[in-house]
Amino acid sequence: MSQVKEEFQQFYRTIAGSRFSDWLEILPAQIAAWCLQNRTELDKWQKLLGKLPSLKSSGIDLLNQVRVGSETDVDDYTRKQIIGLLQQFKPWRKGPFHLHGIHLDTEWRSDWKWDRVLPHLSPLRDRNVLDVGSGSGYHLWRMRGQGARFVVGVDPYPLFLMQFLILKHFIGDADVYQLPLGIEHLPPLKQFDTVFSMGVLYHRKSPMDFLSQLKGLLRKGGELVLETLVVEGDEQRVLLPGERYAQMRNVWFIPSPAALEIWLQKAGFSDIRTVDISTTSTDEQRSTEWMTTHSLQDFLDPEDSTRTIEGYPAPIRAVVVAQA
Ligand SMILES: Nc1ncnc2c1ncn2[C@@H]1O[C@H](C[S@+](CC[C@H]([NH3+])C(=O)[O-])CC(=O)[O-])[C@@H](O)[C@H]1O
């Protein structure tokens, strides 16, 4: 069986007999359909994944960064071989990762986002945690680094699953998973202790449905950690941009923090706290050798960095914590 399918089988075995076992009623059929739909790409990637060397690492740090081993674990030839394989999985957007002395410098400093979020979380130790829209899975490893017991990410984009599996190959941690699903494919499990969703709300056409779906995944009293684009203004202000926002298609609603809090209230959350508001800088999101196309700097008005090139307010992001 292919490595990707084996990973899914392992997930099914892990949740069978656990509080997540109801998920098995629909998940295997969804995953099978996804594998069929992406068969050609999967076959290609599978071959590349199979070429990753199995290495002994001199240590893993998921607490302060995502780092596996060090430069001295591998010879030059093997390092070049790994770099060559990693390059075939570009663009690398969310990271950074340090793999046996290779600095995989991604478009985003996702570690900076984590540093903004972490001080406001209920301790993750021994929690069952879900990250909706997990991208390459960077934050999944940081959640595990905080002692979460069981960590699941969902992201519908196939390349990001491959990037996650590359990291999993090197880290070798069995209790961290990523599934190729969108939020819309998840049943209301009502079991997770903490649900994260960072950078996804504005991609959803119906933000209220999205918030209700997130709530349906949490156990009673569980914690939602929502990070999203916001605009300045009072509770009546919500921006619905035209075709593009900072060159991104598929951007729907960007609320003010006050409006977002009201949405969360209406979706049935309590103890709602906006714990951080930060302007995204061109140091946090930029082109690198691992993501060589345009990045934030190219999406801002060259004359006025407080505006996007479409004339909207430049990206500001808020972190909101709430209880189900
Ligand atoms: N329906 C959906 N369901 C789940 N995920 C989705 C869906 N649609 C898109 N995505 C995924 O949501 C992620 C949004 S990026 C944030 C990554 C990380 N969380 C971060 O905070 O750095 C933010 C951005 O690039 O705008 C992507 O990985 C999509 O594939």
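Helices and strands here are DSSP runs, numbered from the N terminus, with at least four residues for a helix and at least two for a strand.

**View 1. Glu-184 in the loop between strands S9 and S10.** In this predicted model, Glu-184 lies in the loop that runs between strand S9, residues 176-179, and strand S10, residues 192-198. Glu-184 is also one of the positions that the unreviewed UniProt entry annotates as "binding site".

**View 2. Positions annotated as "binding site" in the UniProt record.** According to the unreviewed UniProt entry, this annotation covers Lys-94, Trp-108, Lys-113, Gly-133, Ile-183, Glu-184, Met-198, Tyr-202 and Arg-317. These positions are spread over 224 residues of sequence and are spread in space as well, with up to 25.7 Å between C-alpha atoms.

**View 3. The shell of residues around the ligand.** The ligand is surrounded by 20 residues, of which Gly-133, Gly-135, Gly-182, Met-198 and Gly-199 come nearest. Sorted by class, this shell holds 9 nonpolar, 7 polar and 4 charged residues. Gly-133 and Met-198, which are among the nearest residues to the ligand, also appear in the UniProt "binding site" annotation of the unreviewed entry.

**View 4. The packing of helix H3 with helix H7.** Helix H3, residues 39-50, packs with helix H7, residues 158-171, at an angle of about 15°, and their axes are 11 Å apart. Because angles under 35 degrees count as roughly parallel, H3 is therefore described as roughly parallel to H7. The crossing in which H3 passes H7 is right-handed. On the H3 side, Glu-41, Trp-45 and Leu-49 meet Pro-158, Met-162, Leu-165 and Ile-166 of H7. By class, this contact of H3 with H7 comprises 6 nonpolar, no polar and 1 charged residues.

Technical notes: Residues numbered from 1 in each chain as written. Predicted model: local features only at pLDDT ≥ 70, side-chain atom pairs only at ≥ 80, totals over all residues. Axes fitted to C-alpha atoms, helices over the stretch in contact; angles between N-to-C directions. Parallel < 35°, antiparallel > 145°, perpendicular 65-115°, else oblique. Left-handed = near helix turned anticlockwise from the far one by under 90°. Contact = placed C-beta atoms within 7 Å. Nonpolar A, V, L, I, M, F, W, Y, C, P; charged D, E, K, R; others polar. Near = placed C-beta within 6 Å. UniProt positions renumbered as here; feature names shortened; annotations may be inferred.
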